[in-house]
Amino acid sequence: QVQLVESGGGLVQPGGSLRLSCAASRSILSTFISFNKAWYRQAPGKQRELVASMTSDGDINYDDSVKGRFTISKANLRKAVYLQMNILKPADTAVYYCNVGTHDTNSWGTGAQVIVSS
């Protein structure tokens, strides 16, 4: 089972930026590269929703609510996944979770709280 540790959350004013990191362990590099990667978020009182995803071959998709503002990326040698968040809005307030795996295996990050408020 892959372990994922997140960092980079915090409090930011509307229009600001944050960069979330998701570091993987207990996975060899070739296995990490073969995994799909994704970021989810869960706002208070709401269901978890998919924000951004990246397939093992590099295809990327974003939810319409973040398209043009968020960017998912990875650094293979560091076994890390990132989410750059720009022009943040109060509606982006949520706990963000990274997810790495395939249809046979699936691991969740520890969660990073993002609060956007003036």
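A salt bridge is taken here as a side-chain nitrogen of Lys or Arg within 4 Å of a carboxyl oxygen of Asp or Glu. In this predicted model, a search of the whole structure yields four salt bridges. Arg41, Glu49, Arg69 and Asp92 are joined through such pairs into a network.

Within this network, Arg41 pairs with Glu49, and the closest N and O atoms of the two are 2.8 Å apart. Arg41 has a relative accessible area of 5% and is therefore buried, whereas Glu49, at 34% relative accessibility, is classed as partly exposed. Arg41 also meets the side chain of Asp92 in a salt bridge, with an N to O distance of 3.0 Å. Because Arg41 belongs to strand E4 (residues 36–42) and Asp92 to the loop between E8 and E9, this pair ties together parts that are 51 residues apart in sequence.

Asp92 takes part in a further salt bridge, with Arg69, in which the closest N and O atoms are 2.8 Å apart. Here too distant parts of the chain are linked: Arg69 is located in the loop between strand E6 (60–62) and E7, and Asp92 in the loop between E8 and E9, 23 residues apart. Arg69 is buried, at 9% relative accessibility, and Asp92 is likewise buried, with a relative accessible area of 2%. The threshold behind these assignments is a relative accessible area under 20% for a buried residue.

Attention now turns to the nonpolar residues. In soluble globular proteins, nonpolar side chains tend to be buried together. The largest nonpolar core of the model holds 27 residues, of which Leu20, Trp39, Phe70, Leu83, Met85 and Tyr96 touch the most other members. Two or more residues of this core are supplied by each of strands E3 (18–25), E5 (49–54), E7 (70–75), E8 (80–85), E9 (94–101) and E11 (112–116). The surroundings of Leu83 illustrate the packing. When neighbours within four places in sequence are set aside, Leu83 is in contact with Leu18, Arg19, Leu20, Trp39, Ala52, Phe70, Thr71, Ile72 and Tyr96.

Nonpolar side chains also occur at the surface, where Leu29, Ile33 and Leu77 make up a patch of about 290 Å². Of these residues, Leu77 is placed in the loop between E7 and E8. With a relative accessibility of 77%, Leu77 counts as exposed, since the class of exposed residues begins over 50%.

Conventions. Residues numbered from 1 in each chain as written. Predicted model: local features only at pLDDT ≥ 70, side-chain atom pairs only at ≥ 80, totals over all residues. Heavy atoms only, no water. Core = buried A, V, L, I, M, F, W, Y, C linked by side-chain atoms within 4.5 Å. Buried < 20%, exposed > 50% of the residue type's maximum accessible area, 1.4 Å probe, protein only. Helix = DSSP H or I, 4+ residues; strand = E, 2+ residues; numbered from the N terminus. Contact = heavy atoms within 4.5 Å. Patch = residues over 30% accessible without salt bridge, like charges linked within 9 Å, V, L, I, M, F, W, Y side chains within 5 Å. Areas by Shrake-Rupley, 256 points an atom, 1.4 Å probe, with all protein chains shown as cover.
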